Structure formats: C-alpha cells, structure tokens
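Colleague: I'm more at home at the bench than with coordinates. Please take me through this one feature at a time.

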Amino acid sequence: MGQLEREVMNFNVNEIFFSIQGEGSRAGRPCLFIRLTGCPLRCVYCDTTYAYSEGILRELDDILDEVKTRLGAPGQGPNAPFVELTGGEPLAHPNAPVLLQALLDLGHEVALETAGSQDISMVPRGVVKILDRKTPGSGEVEHWLESNLDFLVPGQDELKFVLKDEGDYHWAKGWCEEHQLLDSLDVLFSPVWGSLDSAWLAEHIVADHLPVRFQVQLHKLVWDPNQRGV
Ligand code: SF4
C-alpha cells in the first residue's frame with residue numbers, strides 16, 4: 001500500500017465511541033467502537049437503523065489518530081480495552097481490511113462484527129471475527145455466504161445467532177448440528193431484545209445440553225435500550 005493511496009483512503013464513519021462491550025465472549029470489557037455507515041441488509045429487529053445512512057467521510061489517518069488519542073498505548077492485560085469495527089455492515093466497505101490491518105498495526109486487540117453475507121476471506125489474520133448468522137426471524141436468512149465458515153478460526157472467532165422467536169432457536173440448533181459446528185466453534189445464542197424471552201432461551205439450552213454460549217446484550221440492561229453510543 002503506497003503512502004499516497006493510504007492518505008486519500010476515506011471511510012464513511014457513523015460514530016466512534018468508548019463504552020463497555022455488551023455482547024460476545026468479550027462482554028464486560030472496555031471497548032472503542034468504530035461504527036461504519038451502511039448495510040445491505042434490513043433485519044426486522046435492527047437496532048442501528050441510524051447507521052444505514054448517517055455518517056461523515058473520514059480519512060484513514062484521521063480515524064487512527066482518534067484511536068491513538070482515545071486509547072493511548074495498547075494495554076497488556078486480559079481485560080485491556082480493545083477496538084471493534086462494527087456497523088451497519090463494515091465489510092460493505094471495500095477497504096475495510098486495510099482499516100483492520102492498520103488497527104492491528106497500532107498494537108491493539110481488534111474485533112470485527114459482521115453479518116454472514118459479506119466475504120470474510122480478506123479479513124487480516126489476527127482480527128477476531130464475530131460472524132452473525134442471520135436466522136429466519138431476522139428476515140435475512142438468505143443473505144449468507146456459506147464459504148465464510150471455512151475462514152472462521154476455532155479458538156479465536158465466534159459464530160453468533162440472534163434469535164427472534166422459539167422457531168429461530170430450533171432452526172439455529174438444527175443448523176449448527178447439520179453443519180457439525182458445535183464441537184469446534186465458539187457458538188453464541190442470544191435473544192432479540194424484547195422479542196424472545198431470555199429465560200425460555202436459557203432453559204432450552206440447559207434442557208438440550210446444547211454446547212453454546214448464552215448471552216444477553218449487557219448494554220441494554222445497563223442503559224436505556226434505545227440509547228446510542230453505549
Ligand atoms: S446486519 Fe446488523 S446493521 Fe444490518 S440490518 Fe441487520 S442488524 Fe441492522
């Protein structure tokens with residue numbers, strides 16, 4: 001990547017904010033979120049519709065400067081702040097892999113939240129990929145690139161299911177079993193906030209002895225569920 005090309009590389013940024021990670025295996029850890037604008041999907045429960053179009057163009061180096069200012073030197077501990085690239089759909093930006101590599105080069109732990117419709121093969125090694133497999137209840141189950149499963153790294157990456165109703169639970173369970181994923185990948189099941197009862201989900205995971213990680217969106221318990229920037 002030449003210096004000139006890097007200097008003119010822009011990203012449509014919806015927001016950058018520092019908060020507590022509310023989801024996934026890093027839930028509870030401090031995290032700097034970089035939310036890019038735009039998403040080709042329209043999940044019925046989407047809680048970031050404001051990211052479909054709101055945003056400003058920012059140069060790569062400007063984004064990196066803000067990361068350096070807000071996080072300082074990379075921490076070393078297991079709960080050190082990390083950086084997560086999210087959206088919208090960050091991989092809808094063709095230069096997202098460049099941004100991810102640049103964030104890694106700063107020395108921080110870097111995670112990527114992405115739906116399964118975009119090719120993840122170009123994501124740099126070392127980036128923690130959190131892949132959201134859309135379910136029938138989302139309305140976007142057909143937006144899925146099956147080959148993405150080949151690029152999930154066991155022990156590093158996560159496969160997440162956000163379940164809208166009881167039918168979604170049974171579908172996700174069957175899909176994981178059919179693809180023989182439960183013995184190799186970190187699979188997460190979470191209820192759609194305000195739609196699927198979290199106790200129902202927890203009880204069925206227990207009753208079925210399903211080896212998945214149950215989770216809820218911590219930030220919606222702590223703050224107003226509709227609050228932005230948390
Ligand atoms: S993929 Fe994410 S950002 Fe896009 S519509 Fe679905 S929930 Fe919203």
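Modeller: Gladly! Let's settle the labels before anything else: helices and strands here are DSSP runs, H or I over at least four residues for a helix and E over at least two for a strand, numbered from the N terminus. Keep in mind as well that this is a predicted model.

Colleague: Let me try those labels out. In which loop is Gln180 found?

Modeller: Gln180 sits in the loop between α4 (166–178) and β8 (186–191).

Colleague: And what is unusual about the backbone there?

Modeller: Here is the general idea: most residues other than glycine have a negative phi, and most peptide bonds are trans. Gln180 is not a glycine, yet its phi is positive, about 55°. His209, another residue that is not a glycine, has a positive phi of about 50°. You can find His209 in the loop between α5 (198–207) and β9 (213–214).

Colleague: Is Gln180 buried or exposed? I'd like to know the same about His209: buried or exposed?

Modeller: Count C-beta atoms within 10 Å: 20 or more others make a residue buried, and 12 or fewer make it exposed. Gln180 is exposed because it has 9 other C-beta atoms within 10 Å. His209 has 6 C-beta neighbours inside 10 Å, so His209 counts as exposed.

Colleague: You mentioned peptide bonds too. Which form does the bond from Gly87 to Gly88 take, cis or trans?

Modeller: That bond is cis, with omega near 15°. As for its place in the chain, Gly88 belongs to the loop between β4 (82–86) and α3.

Colleague: Now the ligand. Which residues surround the ligand?

Modeller: Gly87 and Gly88 turn up again, along with Cys39, Leu41, Arg42, Cys43, Cys46, Thr48, Glu89 and Ala115. Sorted by class, this shell has 5 nonpolar, 3 polar and 2 charged residues.

Colleague: Let me stay with one of those. Where does Arg42 lie?

Modeller: Arg42 is in the loop between β2 (30–36) and β3 (56–59). Its 12 C-beta neighbours inside 10 Å are why Arg42 counts as exposed. Leaving aside neighbours within four places in sequence, Arg42 contacts Gly139 and Glu140. Arg42 and Gly139 are 97 residues apart along the chain, while their C-alpha atoms are separated by 7.6 Å.

Colleague: Which other pairs can I compare in that way?

Modeller: Try Ser121 and Leu149, which are 28 residues apart in sequence and 9.8 Å apart in space, C-alpha to C-alpha. Ser121 lies in the loop between β5 (110–115) and β6 (128–132). For Gly194 and Pro225, 31 residues apart along the chain, the C-alpha separation is 9.7 Å. Gly194 is in the loop between β8 and α5.

Colleague: On to the interior. Which residues touch the most other members of the largest nonpolar core?

Modeller: Leu99, Leu100 and Leu163 do, in a core of 39 residues. Helix α3 (residues 96–105) supplies the largest share of this core, 5 residues. Apart from it there is another core, of 5 residues, including Cys39, Leu41, Ala51 and Ala115. Cys39, Leu41 and Ala115 are also among the residues surrounding the ligand.

Colleague: What does Leu163 touch?

Modeller: Not counting residues up to four places away in sequence, its contacts include Thr135, Tyr169, Phe189, Val192 and Leu201.

Colleague: Last topic: how do I read two helices packed together?

Modeller: Two packed helices are described by the angle between their axes and the distance between the axes. Here, helix α2 (residues 60–71) and α3 pack at an angle of about 35°, and their axes are 11 Å apart. The crossing of α2 and α3 is right-handed.

Colleague: Which residues of α2 and α3 meet?

Modeller: From α2 come Leu60, Ile63, Leu64 and Val67; from α3 come Leu99, Ala102 and Leu103. By class, this contact has 7 nonpolar residues, with no polar and no charged ones. You have met Leu99 already, as one of the residues that touch the most other members of the largest nonpolar core.

Notes: Residues numbered from 1 in each chain as written. Predicted model: local features only at pLDDT ≥ 70, side-chain atom pairs only at ≥ 80, totals over all residues. Near = placed C-beta within 6 Å. Nonpolar A, V, L, I, M, F, W, Y, C, P; charged D, E, K, R; others polar. Core = buried A, V, L, I, M, F, W, Y, C linked by C-beta atoms within 7 Å. Contact = placed C-beta atoms within 7 Å. Axes fitted to C-alpha atoms, helices over the stretch in contact; angles between N-to-C directions. Left-handed = near helix turned anticlockwise from the far one by under 90°.
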